[in-house]
Amino acid sequence: MSAASPLAGAPFLKMNGAGNQILVMDLRGRDHVITADEARAIAGLPRSGFDQLMALHDSAGGADAFMRIYNNDGSESGACGNGTRCVAWALGRDGGPDRVTLETSAGPIVAERAGEFSFTVDMGPPRFDWREIPLAHAIDDDDGVDVTLPGWTPPGTASALGMGNPHLVCFVPDQQAYDLATHGPALERHPLFPQRTNVSFAQVLDRGHILLRVWERGAGPTLACGTAACATAVAAIRRGLAGRRVTVDLPGGRLGVEWRESDGHVLMTGPVELEWEDRLPADFMAAAPADAG
Ligand SMILES: N[C@@H](CCC[C@H](N)C(=O)O)C(=O)O
């Protein structure tokens with residue numbers, strides 16, 4: 001007999017948020033934290049591939065759940081905007097609440113229903129302090145806007161900021177002109193970002209409309225990244241390129257972002273879709289029995 005993994009047969013929802021591939025696993029009531037090896041193994045299975053895995057755990061602080069967020073390389077992140085909308089839908093179905101509070105390693109976030117398959121997430125305030133993004137060192141950033149990257153000549157100008165996870169936003173004249181597979185991996189691991197970074201190429205069409213493509217830390221190119229849309233909108237607003245409400249078009253769909261003046265929080269609204277429900281295989285990561293000798 002081989003030892004069963006605690007995740008064998010665990011149910012999951014395969015969803016997407018504006019095309020961002022999301023797996024939701026509700027582990028509340030179970031005493032198991034998914035390891036990096038397990039996350040990579042789940043991502044490698046045909047029915048449960050994902051960009052991000054949202055694992056729900058019991059909240060110690062009275063929230064609806066504590067949320068751990070895994071990229072498909074097994075690394076963890078403090079935030080995932082598209083995944084949070086999917087989690088809100090999952091918790092709200094079958095008569096669940098229309099408004100949920102979720103704890104994350106980066107702090108609490110609140111998601112609220114905006115339509116049958118649409119949610120608004122209060123992503124909290126953006127972070128500009130280099131220690132909070134985080135960057136390797138302070139940058140010459142008098143007006144809190146520009147970052148220069150030694151060894152790389154940006155095609156336009158770039159901003160670095162945090163949205164519960166690190167972001168580099170490159171403003172370019174034509175976002176189609178930059179090959180994510182060429183620039184993404186090098187910028188994700190640029191020494192300025194000690195915890196790596198998500199990388200965006202943004203083209204501002206007008207003060208209310210931005211085109212965006214994203215290379216995600218730990219997941220590569222994705223069809224949409226919610227925190228990147230928020231970071232890009234905030235960076236554009238700080239540069240005077242956009243008003244407080246911005247529509248961000250990504251290859252997988254459209255997100256609405258508002259940087260609220262009253263409290264500095266960033267609100268992101270977008271779609272969710274349930275693709276299928278399934279369970280991990282009954283022999284998921286079954287360990288071979290120890291050799292009794
Ligand atoms: N797709 C996400 C962001 C997921 C985490 C990111 N790759 C990271 O490592 O920070 C979103 O919708 O925000």
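These legends describe close-up views of a predicted model.

**Figure 1. The whole chain.** The chain holds four helices and 17 strands. Its radius of gyration is 19 Å, close to the 19 Å from the globule rule for 293 residues, so the chain is as compact as a globular protein of that length. The C-alpha trace spans about 65 × 50 × 35 Å along its principal axes. Buried residues account for 44% of the 293 residues. Of the contacts between residues at least 6 apart in sequence, 67% link residues at least 24 apart.

**Figure 2. The shell around the ligand.** The ligand is surrounded by 20 residues. Ser 77, Asn 82, Asn 165, Gly 226 and Thr 227 are the closest. By class, the shell has 13 polar, four nonpolar and three charged residues. Helix H2 (81-92) and helix H4 (226-238) each contribute at least two shell residues. The largest share, three residues, is from H2.

**Figure 3. Positions annotated in UniProt.** An unreviewed UniProt entry lists Cys 80 and Cys 225 under "active site". These two span 146 residues in sequence, yet their C-alpha atoms are no more than 7.6 Å apart, so they gather at one spot. The unreviewed entry also carries a "binding site" annotation. That annotation covers Asn 20, Gln 52, Asn 71, Gly 81, Asn 82, Asn 165, Asn 198, Glu 216, Arg 217, Gly 226 and Thr 227.

**Figure 4. Cys 80 and its surroundings.** Cys 80 sits in the loop between strand S5 (76-77) and H2. It counts as buried because 31 C-beta neighbours lie inside 10 Å. Beyond four places in sequence, Cys 80 is in contact with Gln 52, Met 54, Ile 69, Gly 226 and Thr 227. Among these partners, Gln 52, Gly 226 and Thr 227 also appear in the UniProt "binding site" annotation.

**Figure 5. Cys 225 and its surroundings.** The loop between strand S13 (220-222) and H4 holds Cys 225. This residue has 37 C-beta neighbours inside 10 Å and therefore counts as buried. With neighbours within four places in sequence left aside, Cys 225 is in contact with Asn 20, Asn 82, Asn 198, Val 214 and Glu 216. The UniProt "binding site" annotation includes Asn 20, Asn 82, Asn 198 and Glu 216.

**Figure 6. Two annotated residues, Asn 71 and Gly 226.** Both are covered by the UniProt "binding site" annotation. Asn 71 lies in strand S4 (residues 65-71). It has 25 C-beta neighbours inside 10 Å, so Asn 71 counts as buried. Not counting residues up to four places away in sequence, Asn 71 touches Gln 52, Ser 77, Glu 216, Arg 217, Gly 218 and Ala 219. Gly 226 is placed in helix H4. With 29 C-beta neighbours inside 10 Å, Gly 226 counts as buried. Under the sequence limit of four places, Gly 226 touches Gly 17, Cys 80, Gly 81, Asn 82, Leu 255, Met 268 and Gly 270.

**Figure 7. The largest nonpolar core.** In soluble globular proteins, nonpolar side chains tend to be buried together. Here the largest nonpolar core has 83 residues. Val 24, Met 54, Val 87, Ala 202, Ala 229, Cys 230 and Ala 233 touch the most other members. H4 gives the most to this core, with nine residues. Val 87 touches Val 24, Met 54, Leu 56, Met 67 and Leu 102, leaving out residues up to four places away in sequence.

Conventions:
Residues are numbered from 1 along each chain as its sequence is written. This is a predicted model: local features need pLDDT of at least 70, side-chain atom pairs count only at pLDDT 80 or more; totals for chains, interfaces and linings use all residues. A residue is near a molecule or strand if its C-beta atom, placed from the backbone, lies within 6 Å of it. Ala, Val, Leu, Ile, Met, Phe, Trp, Tyr, Cys and Pro count as nonpolar, Asp, Glu, Lys and Arg as charged, and the others, Gly among them, as polar. UniProt positions are given in the numbering used here, feature names are shortened, and annotations may be inferred rather than shown by experiment. A residue is buried if 20 or more other C-beta atoms lie within 10 Å of its own, exposed if 12 or fewer, and partly exposed in between; C-beta atoms are placed from the backbone. Two residues are in contact if their C-beta atoms, placed from the backbone, lie within 7 Å. The radius of gyration is taken over C-alpha atoms; the globule rule is 2.2 Å times the number of residues to the power 0.38. A nonpolar core is a set of buried Ala, Val, Leu, Ile, Met, Phe, Trp, Tyr and Cys residues joined through C-beta atoms within 7 Å.
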